[in-house]
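Student: I am new to this structure and would like a close look at a single part of it. Please start from one residue and work outward in one connected answer.

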Amino acid sequence: MSEQNTNSNQSNSNQLQNNKDPDKPKLKILAFHGYRQNGSVFRGKIGSFRKAVSKYAQLTFISAPHKVVNDNGGDEDARSWWFNAEDNTFSGKCLGGPAIGFEETLRLVENIVSEHGPYDGFMGFSQGACLVGLLAAMQQKGYLPYTFKFAIFASGFRSGSLVHKGFYDEEITLPSFHVYGEGDSIIPKEMSESLMSVFINPKGAEHSGGHYVACSGAIKDAYQDFLHDIYQELIVDRHKERRNS
């Protein structure tokens, strides 16, 4: 596991961490953590997911640019992609709020992709999944200076920030996979289903648990089936075309 400072001009450290297997080409996925997490914490929490997708993909973990004031007295470097309340906090259930710091996050992602990409896909959990949904919508409208080919959402939802409201008025053609929990009280499944409905032909799986990246049994198989198809299209077919050209 490697770490590096992605922006030396910022006081906060944005970590770039990769799982690399040089034996064969893999899909490159940029992973976005949830609110109050960071790249290192998120990586540690989704070991089962990393193992499940390792046959097809390598993940890059980055940390959000905004530090969350830790009111619990812990040492964890809690981060946020943006805030939707004036007191610099965030709640997925907040409707009509601002998106404080969102532009800085867009610049960070653009810099990461420019320096270390391109990435085949984006994956996000909770607020990170909300961000991936916004990036997918922005790509659909031609607003991004880069492209990605698929997205994976765990406990995703639509942003309620006023400046993001118009992003969901167009169907998104990007291949997508959505996982959410029936017992999720932080991001109820109806919120995840609302995001899912914006995509054309989305694939999804519901589990009985709560707010976490589920990866066992049928959910694990569903991830692998989705990535197998993406891998076949983006990696295998790409190499066949190169050999035949």
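Tutor: Start with H33, which counts as buried because its relative accessibility is 0%, and the cut-off for buried is under 20%. Keep in mind that the model is predicted. H33 lies in the loop between β2 (27-32) and α1 (39-45). Its C-alpha is 8.8 Å from that of R79, although 46 residues separate H33 and R79 in sequence.

From H33, step back along the chain into β2. This strand runs parallel to β3, and six bridges join the two. One place to look is K28, whose bridge partner in β3 is Q58. The charged end of K28 also sits over the ring of Y119, at 4.9 Å from the ring centre.

Now follow β3, residues 57-62, where six of the six residues are buried. In a regular strand, side chains alternate between the two faces of the sheet. In β3 one side carries A57, L59 and F61 and the other carries Q58, T60 and I62, and every one of these is buried. Both faces of β3 are therefore covered.

Beyond β3 in the sequence comes H66, placed in strand β4 (residues 66-67). H66 is counted as buried because its relative accessibility is 10%. A polar atom of the H66 side chain is 2.8 Å from the backbone oxygen of G101.

Next, see what β2 contributes to the interior. The largest nonpolar core contains 43 residues, and L30, F32, W82, F122, L135 and F148 have the most contacts inside it. β2, α3 (102-116), α4 and β7 are the elements that each give two or more residues to this core. Helix α4 supplies the largest share, with nine residues. F32 also belongs to a cluster linked by ring pairs, together with W81, F122, Y146 and F148. The number of aromatic pairs in the model is 17.

Helix α4 leads to the strands on either side of it in sequence. With β6 (residues 121-125) and β7, helix α4 (residues 127-140) makes a β-α-β unit that is right-handed. β6 and β7 pair in the parallel sense over five bridges, and F125 stands opposite A154.

Strand β7 spans residues 150-154, and five of its five residues are buried, so the rest of the structure largely encloses it. F150, I152 and A154 point one way from β7, while A151 and F153 point the other way. On its other pairing, β7 runs parallel to β8 (residues 176-181), joined by four bridges. There, A151 has S176 as its bridge partner.

Some loop residues complete the picture. In the loop between α3 and β6 is P118, and the peptide bond leading to it from G117 is cis, with omega near 5 degrees. N88, in the loop between β5 (79-80) and α3, has a phi near 60 degrees, a positive value in a residue other than glycine. N88 counts as partly exposed because its relative accessibility is 39%. N201, between α5 (189-196) and β9 (203-207), likewise has a positive phi, about 55 degrees, without being a glycine. N201 is exposed because its relative accessible area is 66%.

Definitions and conventions. Residues numbered from 1 in each chain as written. Predicted model: local features only at pLDDT ≥ 70, side-chain atom pairs only at ≥ 80, totals over all residues. Heavy atoms only, no water. Buried < 20%, exposed > 50% of the residue type's maximum accessible area, 1.4 Å probe, protein only. Pairing = 2+ DSSP bridges. Right-handed = clockwise from strand over helix to strand, strands pointing away. Phe/Tyr/Trp six-rings, centres within 6.5 Å; stacked < 30°, edge-to-face > 60°. Lys NZ or Arg CZ within 6 Å of the ring centre and 35° of its normal. Polar contact = N/O pair within 3.5 Å; in protein donor to acceptor, adjacent residues only side chain to side chain. Core = buried A, V, L, I, M, F, W, Y, C linked by side-chain atoms within 4.5 Å.
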